[in-house]
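This briefing goes through the structure shown below, starting from one strand pairing and moving on to sheets, cores and a single buried site.

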Amino acid sequence: MRKVFIVLASFLVSYVSIAQPPTGENRPAGGGRSQLTGTMFGKLIEAKSMKPIEYASVQLLQSKFDSVSQQKKDVVIAGMLSKANGEFVLENVPAMGQFKFQVSVVGYKPYEQTVSFGLKPGDMSAMGGALDKDLGNIKVDIEDKVLENVTITADRPGLQLGIDRKVFNVDKNLVSVGGTAVDIMRNVPSLNVDIDGNVSLRNNSPQIFVDGRPTTMELDQIPADAIESVEIITNPSAKFDASGGTAGILNIVLKKNRKVGYNGSIRTNLDSRGRIGLGGDINVRQNKINVFFNGNFNQRKSISNGTTDRLYLLSPQTFSHQNDKSTMNGSFKFIRTGIDYFITNRTTLSGSLNLGKGSFNPGNTTDVLTDKLDMLAPDSFARRTSKSENEFRNIGTSLNFKHNFPKAGREWTADVTYNSRKNDNDNLLMTDIFNPPSFATIDSSYSQRQIGNGNNKNVILQTDFVNPLSEKSKIEMGVRAAFNNNSSTNAFYSVDPGTGSLVLIPSSQVNYESNDKVVAAYGTFTNRIKNFGYQLGLRAESSTYEGTLSKTNQRFNIDYALSFFPSVFLSQKLKNDQELQLNYSRRINRPNFWQLTPFIDSSDLLNPSVGNPGLNPEFTNSIEVSYQKTFKKNRDNLLLSVYYKNTNDLITRYQVPQEDTVSGKTVILNTYINANASYVTGLEATLKTTITKWWELSTNVNLFTSKIDINDPAFPEQDQFASWFAKLNNSFKLSKKLTFQLSGSYQSKSILPPGGGGGGGGGRGGGGMFGQSTSAQGYVRPVYYMDAAIRYTFMKENRASLSLNMNDVLRTRVSDVHSESPFFIQDVFRRRDPQILRLNFSWRFGKFDTSLFKRKNNKQQDDPGAGDGMNVGQ
């Protein structure tokens with residue numbers, strides 16, 4: 001009877017306080033805008049016996065202004081009865097403000113404590129955890145657990161600056177809506193993106209992660225509408241994978257929601273070339289299960305043109321002018337789905353699945369006029385037409401386990417990640433040789449067909465443990481194993497002009513397979529003494545690589561010895577919201593598959609390319625000094641960084657003369673070598689400021705100089721010079737419903753990136769269509785561009801929006817490259833997809849009323865106030 005009485009009394013207390021809606025407070029906060037919310041959870045236990053307390057009334061109250069009484073009044077935000085094991089979960093708690101946390105149950109003293117969500121200024125990595133707060137084991141009647149009181153803003157800015165990373169929130173970036181990850185990267189501070197979508201960070205290719213793990217997807221295969229944010233980590237600590245080399249990590253965080261109830265969005269777009277895009281996502285959470293789904297379909301039409309002028313220095317000297325035109329039609333589909341199972345308040349098991357499939361079918365026409373520079377020899381003119389069919393399929397899966405211990409901050413995670421990619425390529429090459437001197441008639445023709453396919457699979461196993469030693473110190477440790485398998489087949493066939501049958505060219509056939517594995521372990525120690533903090537870390541990695549040419553049974557085996565990668569981070573908090581940090585790290589960049597694979601790619605008439613199986617990894621030592629100032633007015637941020645990087649055995653592009661097995665002529669073959677060393681020194685400044693209530697401005701300026709030592713007498717030293725680039729991102733709030741964005745970038749004359757980046761920057765790097773320069777000697781001429789977008793929100797609670805964006809408004813985004821080698825001097829100019837207009841529509845929906853779902857546990861009263869209103873968002 002006593003237990004029944006306790007249950008009834010506790011339920012009555014909870015019901016009376018929760019069931020009464022607050023007067024004048026039944027509207028969502030923020031004037032109908034989507035409100036940032038989070039979850040608080042914990043466990044009630046008896047202070048002496050440590051036994052769980054069941055059926056206790058647990059409530060969160062917030063002081064709000066009552067329009068009737070004209071006074072402040074405590075309003076119930078969330079509440080429930082604790083479960084039989086003492087656990088409770090309070091969901092959809094507003095992120096902004098402080099709350100009274102109350103526990104009442106017959107036979108125990110009332111418990112009350114002030115609580116709130118927390119995010120320390122500059123600590124971007126803590127945001128996800130800050131909105132999922134563990135209140136720990138709460139001992140009732142014996143002692144009060146004092147909880148830290150901090151606040152958090154409810155609306156995330158477009159750019160968040162931290163001393164260790166920058167976080168670019170995609171939902172604020174209007175110019176990339178309806179595009180791909182490449183369009184997003186063009187507006188991210190610190191990044192340069194060429195017209196082919198290859199990304200560089202501080203003049204080198206970064207390691208690309210998706211949700212904290214390496215990926216097999218290319219950036220142009222990830223829809224922008226599926227991305228939540230992009231994290232830029234310029235100098236990662238020992239906790240992160242040491243691979244990726246000289247340019248840090250880009251982590252793409254995909255959208256995922258855990259709000260109780262259901263919510264989602266529907267999207268569509270149409271561009272000025274008649275190509276459409278469709279997408280939608282939905283999230284449903286009830287009790288211990290959270291399910292999410294995101295689907296996108298996008299069509300693409302890409303048009304580009306360019307010229308290549310090349311002076312051959314080999315005897316006899318010749319000059320060639322190459323004119324290229326290309327039209328690519330294609331489409332791709334992207335699906336992401338997953339489930340979270342909340343085993344307990346502190347233990348979660350999650351699984352996700354990413355599926356991507358698409359085809360890109362370019363058609364290219366290349367005209368090459370060759371002047372023999374010898375009056376005795378006639379000029380020549382050739383036209384090559386290529387039609388390609390390229391298909392890809394991506395699969396990515398992950399299984400994640402996370403357990404939070406009762407001690408605040410102590411957690412254990414373990415996960416398994418699997419990715420696979422398959423490509424099928426069929427390229428028909430038709431070449432016509434014209435009769436001189438008028439070139440009006442065709443002298444001869446021949447056709448070739450290039451058929452190939454590639455497969456890539458990788459598995460990553462990882463587990464991490466975090467243990468706070470005190471309020472100001474903690475240790476982190478973990479182990480990781482990565483297994484990669486790559487295979488590729490490629491061959492050229494002569495096409496019989498009469499029958500169309502294919503005849504294999506034996507010398508062109510290559511079947512290549514590679515396997516590599518990386519095993520790593522790390523440990524870090526973090527501590528703070530007053531305003532001085534430090535982190536010491538050490539990572540150990542060992543790797544092996546094996547490559548096989550099936551046709552010739554040639555094998556390439558590389559055992560990379562156990563290597564150690566230390567990291568040191570020192571920080572000093574100064575007065576007036578200022579912080580100073582010095583950090584050092586050592587990293588490795590192992591050659592990627594395209595840099596190692598030995599088959600020759602001759603799809604570009606002037607630029608055949610081949611990998612080098614004998615490449616060694618490159619090692620980089622990085623030092624960075626950063627200063628951050630947070631201004632009290634508008635919480636504006638200034639981040640200044642000075643950096644220095646030294647890389648040994650730099651993987652760089654290289655040219656060698658080689659006889660063409662088909663034509664018998666000498667051609668220049670693009671490949672890779674290990675240069676002696678490279679040095680990069682730079683100064684970067686990033687400023688995020690609110691100029692007025694309706695104008696926000698993000699500015700990024702990077703001044704740098706780099707030098708490459710090839711240590712080859714045949715290649716003269718390249719002149720060293722300073723370069724800089726700047727990015728501006730303006731956001732104008734023209735009205736409550738109308739927003740305008742204008743972004744631009746300028747890059748001065750800069751040295752050619754060395755072509756390393758085993759982690760990949762979204763492309764193969766080196767060689768490629770349209771005479772893409774592949775020399776270590778050369779520079780990129782200045783380039784600038786501007787993008788613009790406008791968005792209008794409408795319907796109740798601004799659930800719908802229309803936006804219109806245009807890329808390269810001034811038609812100035814081009815690639816203009818000059819390169820030199822002992823064999824030729826070359827200038828390459830290209831333009832791709834200027835002034836594309838895209839009209840986008842989006843409708844968001846959501847309802848967080850758990851009464852919509854049938855309950856099987858009648859003892860539990862989850863979120864009794866959830867049905868009082870609507871909340872929409874992603």
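In the pairing of β37 with β40, the residue that stands as bridge partner of Thr739 is Arg791 in β40. The model is a predicted one, and its protein chain has 874 residues, of which 51% count as buried. The secondary structure of this chain comes to four helices and 44 strands, and the points below take up some of these elements in turn.

**Strand β37 and its partners**

- β37 (residues 738-747) and strand β40 (residues 783-794) pair in the antiparallel sense, and ten bridges are found between them.
- Strand β36 (residues 722-733) is also antiparallel to β37, with nine bridges in this pairing, and Asn729 is placed opposite Ser743 of β37.
- The link from β36 to β37 is a hairpin of four residues.
- The two faces of β37 have unlike surroundings, since Thr739, Gln741, Ser743, Ser745 and Gln747 make up a covered face, whereas Leu738, Phe740, Leu742, Gly744 and Tyr746 make up an uncovered one.
- In a regular strand, side chains alternate between the two faces of the sheet.

**Two open sheets**

- One open sheet consists of four strands in the order β3-β2-β5-β6, with antiparallel pairing.
- At its edges stand β3 (71-81) and β6 (111-115), and because each has a single partner strand, one side of each is left without a neighbour in the sheet.
- The twist of this four-stranded sheet averages 25 degrees from one strand to the next.
- Within it, β5 (residues 99-104) is joined to β6 by five bridges in an antiparallel arrangement, and Lys100 has Thr114 of β6 as its bridge partner.
- Another open sheet has three strands in the order β4-β1-β7, and its pairing is mixed.
- Its edge strands, β4 (87-94) and β7 (132-140), each pair on one side only.
- On average, and with direction ignored, neighbouring strands of this three-stranded sheet are turned by 20 degrees against each other.
- The antiparallel pairing of β1 (residues 37-46) with β4 rests on six bridges, and Thr37 stands opposite Pro94 in β4.

**Nonpolar cores**

- The largest nonpolar core has 27 residues, and those with the most contacts inside it are Ile184, Met185, Leu219, Ile222, Ile227 and Ile252.
- At least two residues of this core come from each of α3 (181-185), β10 (191-193), β11 (199-201), β12 (207-210), β14 (227-233) and β15 (249-254).
- The largest share of the core is supplied by α3, with four residues.
- Apart from this core lies another, of 25 residues, which includes Leu44, Val58, Phe117 and Leu135.

**The site around Ser585**

- Ser585 lies in strand β29 (residues 578-589).
- Is Ser585 buried or exposed? With a relative accessible area of 1%, Ser585 is buried, because a residue counts as buried when this value is under 20%.
- The side chains of Ser585 and Asn235 are joined by a polar contact of 2.4 Å.
- Leaving aside residues up to four places away in sequence, Ser585 touches Asn235, Pro236, Pro566, Ser567, Thr620, Asn621 and Ser622.

**The chain as a whole**

- Among contacts between residues at least 6 apart in sequence, 69% join residues that are at least 24 apart.
- The protein chain exposes about 38400 Å², and carbon and sulfur atoms supply 57% of this area.

How values were computed. Residues numbered from 1 in each chain as written. Predicted model: local features only at pLDDT ≥ 70, side-chain atom pairs only at ≥ 80, totals over all residues. Heavy atoms only, no water. Core = buried A, V, L, I, M, F, W, Y, C linked by side-chain atoms within 4.5 Å. Buried < 20%, exposed > 50% of the residue type's maximum accessible area, 1.4 Å probe, protein only. Pairing = 2+ DSSP bridges. Axes fitted to C-alpha atoms, helices over the stretch in contact; angles between N-to-C directions. Contact = heavy atoms within 4.5 Å. Areas by Shrake-Rupley, 256 points an atom, 1.4 Å probe, with all protein chains shown as cover. Polar contact = N/O pair within 3.5 Å; in protein donor to acceptor, adjacent residues only side chain to side chain.
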